[in-house]
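Notebook open, model loaded. I want to go through the domains, then the chain contacts, then one loop residue.

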Amino acid sequence: MSSKKKKAAGILFLVFLIVLWQIIAVIVGRSFLLPGPVDVVKNLWENRVEIFTVHLPATLQVVAAGGIFSVILGFLLAMIMDMDSRIEKAIYPVLTATQTIPVMCIAPVFVLWFGYTVTMRVVVVVLINFFSVAVNVFDGFKAANEGRTELMITYGASRMQRFFMLRFPTALPYLFTALKVVIPWSFVGAAVSEWLGSPAGLGIYSRNCMSQFDAAGLIAPLLVLTLLALILNGVVSVVEKKVITWKGEV
Amino acid sequence: MGYVLGDAKIIMLRFENVTFTYKGETRPVIKDLSFEVEDKSFVSIIGASGSGKTTIFRLLNSLEKPDSGSISINGNDIAGLKNYASYMPQQDLLFPWRTVEKNVMLPMQIQKKPKEEQIRTAKAMLEKVGLYEYSKKYPRELSGGMRQRASFARTLCQGAEIMLLDEPFSALDSITRINLQEWLREQWESLDRTILFITHDVEEAVYLSEKILILTGNPVDNITEVKVPLPKKRDRKMMKEPEIRDLKERLVELLRSEARE
């Protein structure tokens, strides 16, 4: 199958699912229990001003700050672990431990520390994300070809030169993989942290709708988040294709 | 420039009573080994697989340190030297994210040569290996033979007087290989550099070099030297001369008896 046909098949399947959803919703007939796609879009349109001018910017702020800090922290940790295997042995288990704690359980602690602030929400996003960046990028550094490393040594390359000319470019595809995980999870993290309490944001908007048995209102903002995450991931994929022209050749 | 011995030959490289054991091993790979390579000569090292050929290059590149003995270039111990040898590995090891030109510039970038000099030298070397019009291409756009030529240009850009070529043609198809052998001879004639060439292919060693060093013993403790009775200007037809055929047979026999041991 050509890639165009594959794409068309994918879109067709999506349309089929949406239609199926609408049919089931009509059969169930109670929109407060199962709103159909039409109800959700209608709700989104009715509340468009509030959703897009108040809540969406608040959430995007957390997604952006959290995402960027996750990448920076994860990258730095990967670099530090790459410097010395003793550091790696010391840090890696601690990092793994931070991932075994369910974020929903630890997040209230951040509320105690930071209050219902942007900082609290950003910290939640970072906690969810930094690990996948650190692990992916660290694997990327380690994937640097031994032969190329030795060749650079014979050229008299310093550690720094080996890092910037070999290890970093080798790790770039891994960084893109990490980014594609970080983007959706930043949205998830932002929404989760807003559920705990927040003056604005799509997560808290969705929660408020729930308390009013407004199921369509609950789903509408989540739909916006999902679409945005998909679009951003698409953008990253395009950039990746432009930058990583050598994928699979290392 | 080196030091002159009694018979007035200039020694570029000297291995003196070198013994080497890999970390964690008890048996040395090389034991009390000595040999010399003359300045501006083309010398091949042959030996069966696992005979220590690559180890000799690793020692020469300072990727390993000898347990005892010394290795010197132009009379200076390599322990205190930098950029004294240009190494060309078995695989081209070009960096896929760099263009051919940028790949060739790599050793000069590492040595922090001025930018203009890097560009000028890279251009000259790419012209020399016939890849100038491919300067802006990426390695994946080149054939196997072209990649090896690019790798050779990069080796030249390192600028050392002795070049260490580690089975550079072993992964190529036979036609490309024969073409590159002839090409390498021409390059060497015009280069004014010493080439030390590792191979396990007797035919290749005879065609390319003036002198062949055969590694013997396990661990390697002896090198048999054979002079190749071919003129500087040579062609494939000469390889069929009885004297050369005998030499090849002798070498093959020697390698086979080594491999059996």
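Before the domains, a note to self: the domain bounds I use come from an automatic or database domain assignment. This is a predicted model, where local features need pLDDT of at least 70, side-chain atom pairs count only at pLDDT 80 or more, and totals for chains, interfaces and linings use all residues. Residues are numbered from 1 along each chain as its sequence is written, with chains lettered from A and ligands numbered from 1 in the order in which they are written.

**Domains of chain B.** I looked up the split: domain 1 takes 3-84 + 163-179 + 191-260, and domain 2 takes 90-159. Their C-alpha centres are 26 Å apart.

How many residues of domain 1 of chain B are in contact with domain 2 of chain B? I got 11, against nine residues of domain 2 (contact: C-beta atoms, placed from the backbone, within 7 Å). On the domain 1 side, strand S8 (162-166) and helix H5 (174-191) of chain B are the elements giving two or more residues. Helices (H or I, at least four residues) and strands (E, at least two) are DSSP runs, numbered from the N terminus.

**Chain B against chain A.** Here I found 18 residues of chain B in contact with 16 of chain A. Helix H2 (residues 100-110) gives the most to the chain B side, with three residues.

**A:Asp84.** I found A:Asp84 in the loop between helix H3 (48-83) and helix H4 (85-100) of chain A. Why is A:Asp84 counted as exposed? Because it has 10 C-beta neighbours inside 10 Å, and exposed means 12 or fewer other C-beta atoms within 10 Å, placed from the backbone. I also checked A:Thr177, 93 residues apart from A:Asp84 along the chain: their C-alpha atoms are separated by 24 Å.

Note on methods
Contact = placed C-beta atoms within 7 Å. Buried ≥ 20, exposed ≤ 12 C-beta atoms within 10 Å, placed from the backbone.
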